[in-house]
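User: I am new to this structure and should like to understand the terms used to describe it. Please set each value against its definition.

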Amino acid sequence: MIRFIVNLSAAEAGWFACVLGAANGMPWAGPLVVLAFVAMHLRWSKRPGPELGLILSAILIGLVADSVLVFSGLVSYPSGTWVEGFAPYWILAMWAMFATTLNVSMKWLRNRNVLAVSLGAVGGPLAYLAGREMGAITLNQPVLAIAALAVIWAVSMPLLMALAVRLDGVNEKRPPDFVLRDWRVSRHV
């Protein structure tokens, strides 16, 4: 339970650090905070390798998704752009931070694809709207941008959850029940 609370609190702190840093002309501040939290997450992981793979996968998904939004002109970012037409580095840090929650505080969402799609379609756009209100992001065509974000996150959430199951470096891997059952039977024969 402590890990759950720490993970959720770190994700929220990382989100605020990225958004407030970007909104106040310090886009580098958030990624530094996220880097510290990601390092802590990997240190606490039973198998850091798969967990790092999940984080890098989320960054790649975020790079493609947010860069499409920038390239299409639906979204623009006032700071932190490292290459024109691509997502800023602080938003990629947010994708990394989000990935650290998938096998800890969001583990309950596993194998609940309809719920993952629904939460993604609603929660994703709400996070971007909050970022807009804080001055970190501009929605150039708000209705189209929100619709695009809903689609992006409706697709991304179940994809990320499936990757989290496959690249779970936090939780103990347990053999399937049939293996455990067959093992128990064979020991008593």
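The exchange below takes up the fold, a helix pair, two residues, and the open and enclosed spaces.

User: What should be known about the model before its values are read?

Analyst: The model is predicted; local features need pLDDT of at least 70 and side-chain atom pairs count only at pLDDT 80 or more, while totals for chains, interfaces and linings use all residues. Residues are numbered from 1 along each chain as its sequence is written, and side-chain values use heavy atoms, with hydrogens and water left out.

User: How many helices and strands does the protein chain have, and what counts as one?

Analyst: The protein chain has seven helices and two strands. Helices (H or I, at least four residues) and strands (E, at least two) are DSSP runs, numbered from the N terminus. Along the sequence they follow the pattern α-α-α-β-α-α-β-α-α. The C-alpha trace spans about 70 × 30 × 25 Å along its principal axes.

User: Why is H1 called roughly antiparallel to H4?

Analyst: The axes of helix H1 (residues 2–23) and helix H4 (residues 89–99) come within 10 Å and cross at roughly 175°. That angle makes H1 roughly antiparallel to H4, because angles over 145 degrees count as roughly antiparallel (under 35 is roughly parallel, 65 to 115 roughly perpendicular and the rest oblique). The axes are lines fitted to C-alpha atoms, for helices over the stretch in contact, and angles run from 0 to 180 degrees between N-to-C directions.

User: Which residues of H1 and H4 meet?

Analyst: Ala10, Ala11, Gly14, Trp15, Cys18, Val19 and Ala22 of H1 meet Trp90, Ala93, Met94 and Met97 of H4, where contact means heavy atoms within 4.5 Å. By class, this contact has 10 nonpolar, one polar and no charged residues. Ala, Val, Leu, Ile, Met, Phe, Trp, Tyr, Cys and Pro count as nonpolar, Asp, Glu, Lys and Arg as charged, and the others, Gly among them, as polar.

User: Why does serine 79 count as buried or exposed?

Analyst: Buried means under 20% relative accessible area, exposed over 50%, and partly exposed in between (1.4 Å probe, protein chains only). Serine 79 has 12% relative accessibility and therefore counts as buried. This residue is found in the loop between strand E1 (75–76) and H4. Leaving aside neighbours within four places in sequence, serine 79 is in contact with Ala22, Pro27, Pro88 and Trp90.

User: What class does isoleucine 146 fall into, and why?

Analyst: Isoleucine 146, at 24% relative accessibility, therefore counts as partly exposed. Its place is in helix H6. Not counting residues up to four places away in sequence, isoleucine 146 touches Pro125, Leu129 and Leu139.

User: What makes a space a cavity or a pocket?

Analyst: On a 1 Å grid over the protein atoms alone, a cavity is a set of points where a 1.4 Å probe fits but cannot get out, and a pocket is an open set with protein on both sides within 12 Å along at least five of seven lines; lining residues have an atom within 4 Å of a point. By this rule there is one cavity of 30 Å³ or more. The largest cavity has a volume of about 60 Å³, and the residues of its lining divide into six nonpolar, three polar and one charged.

User: Where does the largest pocket lie?

Analyst: The largest pocket is lined by 27 residues, of which Trp15, Phe98, Gly123, Ala127 and Trp153 lie nearest its centre. About 700 Å³ of space lies in this pocket, and H5 gives the most to its lining, with seven residues.

Definitions and conventions:
Grid points are joined across faces, edges and corners, and a volume is the space filled by probe spheres set on the points.
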